[in-house]
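Open your viewer and get ready to click along. We will move from stop to stop, selecting a few residues each time.

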Amino acid sequence: MHSVTPKHATALATAALLALAAPAFAAGSEDHDHSHAHDHAQQDEQQKQIYKGYFEDSQIAPRPLSDWEGDWQSVYPYLMDGSLAPVMEHKAEQGDKTAAEYRAYYEIGYETDVDRIEISGDQVTFHEGDTSVQGTYADDGYEVLTYKKGNRGVRFIFRKTEGDEAAPDYIQFSDHRIAPAKADHYHLYWGDDRAALLDEVTNWPTYYPASLTVDQIVTEMTAH
């Protein structure tokens, strides 16, 4: 009979322990991956609900003007020249109106003479063709609005502290987000009466990055 020396016994025992432990490590890794994927799925679903306007007050957080920093173009001209027809058709497939009815709805919603907006630091410049006005804006809080169908939206508000007289006293952003995050597009309300602007729910000029082509904007819009 061959005897096993203590040195060999230790090596065999270690190997046996590692063999037993290996499946446990693998299972642990699978559990972690599953949990990670589950967390992502929950976050994605939560973001979808927020985008649709369903959220808790506790989820809202103040946002800086830098969330909307950049050079932005109005989508109104694209609607009027027919470039957004695929978007209207897509909405008709998903919703309860015809493509023509959606176009009529968005003609009111998107309408604006301000075809470009530049936001840099606390400066906001409004362009109408070859003319522009500029103002310096400071945070003025936010307001939560409840719409007819029960969903809600958050307006993030900024007040003019100095600048051109023709620049609006207030601007209010709505972009389906309710906490700090860089905007990929937004609806903007502006005027000199803070409270009256909150009552405006039919006209919401909409802006996408000026760097995007109309085809890219169509792709972005049909993704929702």
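Is Asp-71 buried, partly exposed or exposed? Select Asp-71 and turn on the surface: its relative accessible area is 32%, so Asp-71 is partly exposed. Keep in mind as you look around that this is a predicted model.

**Stop 1: salt bridges**

Keep Asp-71 selected and add Arg-116. Their side chains meet in a salt bridge, with N and O 2.9 Å apart. Asp-71 belongs to strand S1 and Arg-116 to strand S2 (residues 116–120), so this pair ties together parts that are 45 residues apart in sequence. Arg-116 is partly exposed too, with a relative accessible area of 30%.

Now add Glu-118 to your selection. Arg-116 also forms a salt bridge with Glu-118, and here the closest N and O atoms are 3.1 Å apart. Glu-118 has 28% relative accessibility, so it counts as partly exposed. For a group of linked charges, select Asp-140, Glu-143, Arg-159 and Arg-194: salt bridges that share partners join these residues into one network.

Next, pick Arg-152 and Asp-57. The closest N and O atoms of this salt bridge are 2.8 Å apart. Which parts of the chain does the pair tie together? Arg-152 is in strand S5 (residues 152–163), while Asp-57 sits in the loop between helix H1 (6–52) and strand S1 (70–74), so the linked parts are 95 residues apart in sequence. In the whole structure, a search finds 12 salt bridges.

**Stop 2: aromatic rings**

Time to switch from charges to rings. The structure holds 14 aromatic pairs. Select Tyr-142 and Phe-156 to see one of them: the pair is tilted, with 5.8 Å from centre to centre and 50° between the planes. Tyr-142 lies in strand S4 (residues 131–146) and Phe-156 in strand S5, so the two rings tie together parts that are 14 residues apart in sequence. Compare their surroundings: Tyr-142 counts as partly exposed at 32% relative accessibility, whereas Phe-156 is buried, with a relative accessible area of 2%.

Go on to Phe-173 and Tyr-186. How are these two rings arranged? Their centres are 5.2 Å apart and their planes meet at 70°, which means the pair is edge-to-face, as angles over 60 degrees count as edge-to-face. Phe-173 is in strand S6 and Tyr-186 in strand S7 (residues 186–191), so this pair ties together parts that are 13 residues apart in sequence. Both Phe-173 and Tyr-186 are buried.

To see these rings in a wider setting, select Trp-68, Trp-72, Tyr-142, Phe-156, Phe-158, Phe-173, Tyr-186 and Tyr-207, which form one aromatic cluster.

**Stop 3: charges over rings**

Select Arg-155 and Tyr-189. Arg-155 lies over the face of Tyr-189, 3.4 Å from the ring centre. Then move to Lys-97 and Tyr-105, where the charged end of Lys-97 sits over the ring, 5.4 Å from its centre.

**Stop 4: a buried serine**

For the last stop, click on Ser-174 in strand S6 (residues 170–174). Is Ser-174 buried or exposed? Its relative accessibility is 9%, and under 20% counts as buried, so Ser-174 is buried. Which residues does Ser-174 touch, leaving out those up to four places away in sequence? Show Val-154, Arg-155, Tyr-186, His-187 and Tyr-189, and you have its contacts. You have already met some of these names: Tyr-186 in the edge-to-face pair, and Arg-155 over the face of Tyr-189.

Terms used. Residues numbered from 1 in each chain as written. Predicted model: local features only at pLDDT ≥ 70, side-chain atom pairs only at ≥ 80, totals over all residues. Heavy atoms only, no water. Helix = DSSP H or I, 4+ residues; strand = E, 2+ residues; numbered from the N terminus. Buried < 20%, exposed > 50% of the residue type's maximum accessible area, 1.4 Å probe, protein only. Contact = heavy atoms within 4.5 Å. Salt bridge = Lys/Arg side-chain N within 4 Å of Asp/Glu carboxyl O. Phe/Tyr/Trp six-rings, centres within 6.5 Å; stacked < 30°, edge-to-face > 60°. Lys NZ or Arg CZ within 6 Å of the ring centre and 35° of its normal.
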